[in-house]
Each structure stands twice: as C-alpha cells, then as structure tokens.
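Let's take a walk through a protein chain together, going from its overall form to a few of its finer details. Keep the picture beside you as you read.

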Amino acid sequence: MNKGRYLAPHDFMADPSAHVFEDKIYIYPSHDWESGILENDNGDHFNMRDYHVFSMDDIDGEVVDHGKVLEVGDIPWGGRQLWDSDVAHKNGQYYLYFSLKDKTDMFRLGVAVSKTPYGPFIPQEHPILGSYSIDPCAFEDDDGTHYIYFGGIWGGQLQYYRDNKINYPMDLPHWHESALCPKIAKLSDDMLQFGEEPKDVLIVDQEGNPLKQGDLDRRFFEASWMHKYGDKYYFSYSTGDTHLLCYAIGDNPYGPFTYQGVILTPVVGWTTHHSILKFKGKWYLFHHDCVPSGGKTWLRSMKVVELEYDEHGLIKTIEGQ
C-alpha cells in the first residue's frame, strides 16, 4: 500500500470519507461527472448530482459499489452541487451529512438517514438549522459524543460569514489578518441538528499564534477531518490553492490545534480531500487524484495508501506524485 490503490476505476469518485461499520470499510465519496461547465474559482465545474456508497472487507480486497443512494432530486430544499459528505452511526441508524446549494445558491448542510451503512438514505425536508458552507466531517469521540466539523473558503462560501452570520462585504481577511477558521458543533441527541452554536476551530503555530490568511502553505482552506491517535486529537485539512494536506494536534475536539506538518504533498489535479482511519491494526489515508482522467480536476479518482506515524506520534509525509 506504499504507492496507493485506486478503488473505483470504473467511475470518477472524489472526497472519500471512510469509516469502519459492521467490521467493513465503508466509503462515502462525491461522484464526479462530465457536466460541461467551465472551470472557475467558485468551483462550478464540480457539479456533482448524486452519491454512491462503496464497501471493502479487506484493504486489498474487492470494492463493492452499492449504487446510487441519494441524488439532488430527492432533496426537497436542494438546488445544485452535491459536494463533500460524511456519515455517522448512532442507535442503529446511519446519518449522511452532505453539503448542497439551496435554491438561492447558498451552501447548506443537510442530513439523510438510513437503517444500513449502504443506504439508500432518506433526506430531511429542510437543511440543518443555522448551517452554512461545505465539507461536513462527523466525528464520534470515545464517550459517544458526536461532533460535526465544516467549512471551506472560495466556492465553499465560508468567507461570507463571521460569528455564524452573513457579514458584508463577505470577503476573506487581509493577508496579515488571522485566517478564517473551520467550524465545530456538537450534534443534537437525534443527530439531525446542531446541538450548540458552531464555534471556531483555531489552528495555531508552535508559538500559539493563529495562522494568518497569507500563510498559504498552512492555513485552512477546506476538507476538515478529525481522528484520534493515542489520547490526542488530529485535525487535518486541505490548504486548497497550495494543494497540501496538513494536520494539527490538540487535546480536545474543540482545539486549539497546533500545526504539525504535511500529510500529503500535491497530487495531480487541484484538490486534496481525504479521510483517515484505522483498520485491522494499520492506518490508512483515503484521498483522490486526477491521474486516470489525464489531469481533469473535475474528474477525480479515489484511492487509498497506508499512513504511518513516527515514535513521537507525528505523521510521516506521503508523496502525492
């Protein structure tokens, strides 16, 4: 697994969120397709319209495509662009959290529910109250508490907001100012709403200073993921336009998180969404690149590679190309 393995060569799948449910790996990716929309900084060319679910009994075994489990037309409040998603499990139910533009072209987070990890998933009538932006990550802590992380700048619209409210002129901070933070909220007991007001996930340097907007190699762009290694919380994310996957370590789910380094160097293509899990004693990084499509950044292919830590709990950098 040192060189990575493509998991769905028959189709274009991206943003793989991987979990272990029922002793199998289940993967929840975005589904890329050739929609014909031209590339732009708002990401309109990422015009995904449905989700599939994949499963694996072993990391090098057969990858089963369970087919389409949710599409834009199923979602009463939906407009366009079904972006990154994630899944959580509680009390025999599976909750698919997804990002989708509503009918006013504003991104919201939605929830769809299934009795099985492979769907199909039935969407709620309305988006999560007070939700915005993109890229939900659902994290279950050791005590059974569930949290959701979210946010992404540029096309992900995070820059439109301050303190969870629309803030005009809806621009990014200046380069010398603190970077925008991803968000975290504890989920409600029924898993269908925020259980609290979303809070900032602060990423700081080794001296405890918040990362600046101009620190393009380290500041947050999109693609939140959370996992635990030992008793520490590892918050990982994409730097977007500098094409790195980075991580920061904290002592609790809310942070602050101290920047540590690069997980994955740039891949072929633009984005570098990912997830991290432990399966049968080993750790794996699920991500995507655009090698099979010849570099078309809107046609991405999900893959998996083994992830390793050093004796200090630091992640060993993986070369993307």
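The radius of gyration used here is taken over C-alpha atoms, and the rule for a globule is 2.2 Å times the number of residues to the power 0.38. Keep in mind that you are looking at a predicted model. For 321 residues, that rule puts a compact globule near 20 Å; the chain has 18 Å, so the two agree. Along the principal axes, the C-alpha atoms fill a box of roughly 50 × 45 × 45 Å.

What is the chain built from? It has 23 strands and 0 helices. Of its 321 residues, 59% count as buried. If you take the contacts between residues at least 6 apart in sequence, 54% of them join residues at least 24 apart. About 13400 Å² of the chain is exposed, and carbon and sulfur atoms supply 48% of that area. As for charge, there are 49 negative and 28 positive side chains, and the centres of these two sets lie 1 Å apart.

Now let's look at how some strands line up. One open sheet has 4 strands in the order β1-β23-β22-β21, with antiparallel pairing. At its edges are β1 (5–6) and β21 (274–279), each of which pairs on one side only. Inside this sheet, β22 (residues 282–289) and β23 (residues 301–307) run antiparallel and are joined by 7 bridges. To find your way, look for His288, which stands opposite Met302 in β23.

Another open sheet, also described by antiparallel pairing, has 4 strands in the order β6-β7-β8-β9. Its edge strands, β6 (78–90) and β9 (122–123), each have a single partner, so one side of each is left without a neighbour in the sheet. Between β6 and β7 (residues 93–102) there are 9 bridges in the antiparallel sense. Here Arg80 has Lys101 in β7 as its bridge partner.

Next, find strand β19 (residues 245–250). Why can we call this strand largely enclosed by the rest of the structure? The reason is that 6 of its 6 residues are buried. Leu245, Tyr247 and Ile249 are buried on one side, while Cys246, Ala248 and Gly250 are buried on the other, so to speak covering both faces of β19.

Strand β19 takes part in two pairings that you can trace. With β18 (residues 232–238), β19 pairs in the antiparallel sense over 6 bridges, and Ser236 has Tyr247 as its bridge partner. These two strands form a hairpin with 6 residues between them, and Gly240 in the turn has a positive phi of about 70°. With β20 (residues 257–264), β19 is joined by 5 bridges, again antiparallel; here the bridge partner of Ile249 is Thr258. This hairpin also has 6 residues between its strands, and Gly255 takes a positive phi near 85°. The peptide bond from Gly255 to Pro256 is cis, with omega near 5°.

Finally, visit two other loops. In the loop between β13 (165–166) and β14 (183–186) you will find Pro169, and the peptide bond from Tyr168 to Pro169 is cis, with omega near 10°. Met170 lies in that loop too, with a positive phi of about 60° although it is not a glycine. In the loop between β2 (13–21) and β3 (24–31) sits Asp23, a residue other than glycine whose phi is near 65°. Are these two residues buried or exposed? Asp23 is exposed, with a relative accessible area of 68%, whereas Met170 is partly exposed, at 24%.

Conventions: Residues are numbered from 1 along each chain as its sequence is written. This is a predicted model: local features need pLDDT of at least 70, side-chain atom pairs count only at pLDDT 80 or more; totals for chains, interfaces and linings use all residues. Side-chain values use heavy atoms; hydrogens and water are left out. Buried means under 20% relative accessible area, exposed over 50%, partly exposed in between (1.4 Å probe, protein chains only). Contact means heavy atoms within 4.5 Å. Accessible areas come from the Shrake-Rupley method with a 1.4 Å probe; for residues, only the protein chains shown count as cover. Lys and Arg count as positive and Asp and Glu as negative; His and the chain ends are not counted. The place of a charge is taken as NZ of Lys, CZ of Arg, CG of Asp or CD of Glu. Two strands pair if DSSP finds at least two bridges between them.
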